[in-house]
Amino acid sequence: REAGRRTYIPVMSGENKLSWQVKDLIPNSEYYFRVKAVNKVGGGEYLELRNPIIAEDPKQPPDPPVDLEVHNPTAKSVTLTWKPPLFDGGSKIMGYIIEKLAKGKERWERCNDYLVPLLTYPVKGLEEGKEYQFRVRAENAAGISEPSRITPFVKAVDPIEAPKVFLAANLQSGLEVKRGDEIILEAHISGSPYPSITWLRNDEVVKPEEIKKRVTTYTRKKKGEAAEEEPFQLSLPERMSIDNHKEGESILSIRDSIRADHGTFTIKVENDHGVAKASCEVNVLDTPGPPVNFVFEDVRKNSVICKWEPPLDDGGSEILNYVLEKKDNTKAEMGWVTVSSTLRHCKFHVTKLIEGKEYLFRVFAENRVGSGPPCVSKPMTAKDPFSPPDPPNKPDVQDVTSNSMVVKWNEPKDNGSPIIGYWIEKREINSTHWARVNRNLVNALEIKAEGLLEGLTYIFRVCAENAAGPGKFSPPSDPKTAQDPIIVPGPPSCPEVKDKTKSSVALAWKPPQKDGGSPIKGYIVEVQDEGSTDWKKVNEGDKLFPTCECVIPNLKELRKYRFRVKAVNAAGESEPSPATSEIPVQDILEEPEIFLDIGAQDFLSCRAGTTIKIPAVIKGRPIPKTFWEFEGKAKTTAKVEATDTRSVIIIPECNRSHSGRYSITAKNKAGQKTVHVRVNVLDVPGPPKDLKVSDITRGSCKLSWKMPDDDGGDRIRGYVIEKRTIDGKAWTKVNANCGSTSFVVPDLISGQEYFFRVRAENRFGVGPPAETIQRTTARDPIHPPDPPIKLKIGLVTKNTVSLTWKPPKNDGGAPVTHYNVE
């Protein structure tokens, strides 16, 4: 029971044990307990506690701390870390006690005056060079734990560490600022002992500027006295400073940066164990300096080429373009005029200058910050350094035609500037007006003047031009009249043999490339006999061949001849063409060739009742003889229309019997050729075969048949089945599209007699029928009856017996007429 209650609550009953663990108590509450023994007779008296028990965990000092470690030893201190005890003794850990033991001493000394609440503690006040061991105790409300594991001896000396330095993250790829902005370079440093720090710029040590001082005055007025001025010194901070006050960090700063501050800044740190460096490229953006070495090239009376070199300092940014300006130096009141403000290169051709004037030029460089100071040129006067060329000599006119002439001349003196071309002028002899022949300068020493009028007389003159301009014209040429010269034509091409027979040769050739200035009147053909060196004319000059082909008759068979051709115009006969090789005179043999109409190649299909036409084109020399065959035999019923080059076989109103292979044969001395064409005449199919009736009942029967011998040249799509009664005349369709070769005819009238017929169908229609010859009666088939049943013996005498039975279950389809008894 709880101490504040009187009622006991059972916690165990009936167990034969001398101890029991009571659970589910309320922490920090007071309880009384009692126990009694029980036997068969009953329970005895209770044994009760005199004093109450408080429900609480037992308390004891904690276990010692674990994993004690020493970190960062120096000459004066170390840092200890540990982990809490595995068991806190049932009470919260209030803190830790740290103890040290110097080597050679026996007594442990406490390091902390107050309990350390954390799991780390810096032990200070060590003597440099001595060795120490350390341990830690935990404390709770019940007391102080045993000490932790003792550390090995640790010597109080500064650690050895080579120096390290690295720049801030924003400086890793360099620093770029505009002029006037502040430059801040921050570096992080480590090393033991702590290293010395040196900043360098372009490998030279950076020394901050001395503190500048200047004297100024201020007004001081004392009470009752007149105001007076008193000098004092005002200190101005240096523009560059280096801050090394914070350990592990060094900052170099430059205020009001100027272009000269750009360069490579390096921080160098050094101690007894090494040297480390880190560098940063600092770019101070400013306008570029002035371009340099401004010079003039190719000075002319109205133009000049200005040339310069880039600035020595681009201001830390790429030169984007140059601005070129000019000024009339003869007029003081005239200002600068922009020539171009978008120049990408250091060269520009200035035009539209006024001859004789003196000019000044200046050029600015621009980057993304702005324009820098200009570079000003020396004065320049616009004038040519040379004069126009001398006139050429008198031109010579050649190759005169009805509409053109070729004018030639010699190169004159250029007077200091290379000649860039020539101007040519023409004039009719009866006119005073000179007209330009060329629209653009001619670089050659000749020109073909075209577009002249036939029959007119012309003279020509020429002038040369250089950088100073055109010079004077030459003396005029001798007069020439525009007319074509007439000469004999060039030779035709070598004749080619187009055809020949046993007594003639057909020739053809191409006309000459030049007609000699007169139309070709015709051609003369010459022949040379085999074994002879003489050439004989086939035709005379009054019987010219008008075209580029002819037939040479009356030649001797198997003799060999050579031929050549001459062209004739008003000036006479041309040189002969190249001669042919020796040509034997004989018939040309060509094996027969047969070309069928493209619609009848290899296979031809047509509908029954139409007309079949198979045309063939015949070739061959001599002309072949032709004949047609059908399935290897002469076709007498067909009509054949034939010429020397064509043969057509015609079959009007064709039927299925005309289906088969047709052959045409052409034959001559050179050989024989046969071509085949398979013809398929399409028609309705023939009648089915072997129509039979089976499986007859009073309501149906089965029809079966075989496919027709002739499908009409097309696939059988189905069969049409019809029936007719014996006394009827009309046929009735039973199935209009039966897909197989058998069919069960339904819906017959019992006892009625029928005829049946079947017709095959393809895409061209329904063919003739196959009919049943014998009538078919619709009735069930008759079979022998089943045996009688339930045979019994009745009255028996000495010579008789009485028998009884019942009829069979199935009479076989017909009434039982009698019984046989055995």
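Is P492 buried or exposed? This tour of a predicted model comes to that residue after a view of the whole chain.

**The whole chain**

Begin with the entire protein chain displayed as a cartoon. Its secondary structure amounts to 66 strands and 0 helices. The radius of gyration is 68 Å, whereas the globule rule gives 28 Å for 822 residues, so the chain is more spread out than a compact globule. Along the principal axes, the C-alpha atoms fill a box of roughly 180 × 150 × 65 Å.

Next, display the surface. The accessible surface is about 51,100 Å², and carbon and sulfur atoms contribute 49% of it. Of the 822 residues, 35% are buried. If the charged side chains are coloured, 118 positive and 113 negative ones appear, and the centres of these two sets lie 7 Å apart.

**First stop: P492**

Select P492, in the loop between β39 (480-481) and β40 (496-500). P492 has a relative accessible area of 3% and is therefore buried, as the limit for a buried residue is under 20%. Now show what surrounds P492: beyond four places in sequence, its contacts include W509, Y523, V565 and P578. For P578, the separation from P492 is 86 residues in sequence, but 8.2 Å in space from C-alpha to C-alpha.

**Second stop: an open sheet**

Select strands β14, β23, β22, β16 and β17, which form an open sheet in that order, with mixed pairing. Its edges are β14 (175-178) and β17 (204-205), each of which pairs on one side only. In general, the strands of a sheet pair through backbone hydrogen bonds, either parallel or antiparallel. Strand β16 (residues 196-201) and β17 run antiparallel and are joined by 2 bridges. To see one such partnership, select L200, whose bridge partner in β17 is V205.

Move from β16 to the loop between β15 (183-192) and β16, where P193 is found. Display the backbone here: the peptide bond from S192 to P193 is cis, with omega near -5 degrees.

**Third stop: from P622 to E631**

Select P622, in the loop between β50 (612-621) and β51 (625-630). The peptide bond leading from R621 to P622 is also cis, and its omega is near -10 degrees.

Follow the chain past β51 to E631, in the loop between β51 and β52 (633-634). Phi of E631 is near 50 degrees, a positive value in a residue other than glycine. With a relative accessibility of 43%, E631 is partly exposed.

**Fourth stop: either side of β62**

Select D747, in the loop between β61 (742-745) and β62. D747 is another residue other than glycine with a positive phi, in this case near 60 degrees. Its relative accessibility is 66%, and D747 counts as exposed.

Then select F764, in the loop between β62 (753-762) and β63 (765-771). F764 is buried, at 15% relative accessible area. Apart from neighbours within four places in sequence, F764 is in contact with R607, L682, D683, V684 and D714.

**Last stop: N28**

Finally, select N28, in the segment before β1 (30-31). What is its exposure class? N28 counts as exposed, with 58% relative accessibility. Even so, N28 touches I54, A55 and E56, leaving out residues up to four places away in sequence. Measure from C-alpha to C-alpha in the viewer: N28 and A55 are 4.9 Å apart in space and 27 residues apart in sequence.

Definitions and conventions:
Residues numbered from 1 in each chain as written. Predicted model: local features only at pLDDT ≥ 70, side-chain atom pairs only at ≥ 80, totals over all residues. Heavy atoms only, no water. Helix = DSSP H or I, 4+ residues; strand = E, 2+ residues; numbered from the N terminus. Rg over C-alpha atoms; globule rule 2.2 N^0.38 Å. Buried < 20%, exposed > 50% of the residue type's maximum accessible area, 1.4 Å probe, protein only. Areas by Shrake-Rupley, 256 points an atom, 1.4 Å probe, with all protein chains shown as cover. Lys, Arg positive; Asp, Glu negative; His and termini not counted. Charge placed at Lys NZ, Arg CZ, Asp CG, Glu CD. Pairing = 2+ DSSP bridges. Contact = heavy atoms within 4.5 Å.
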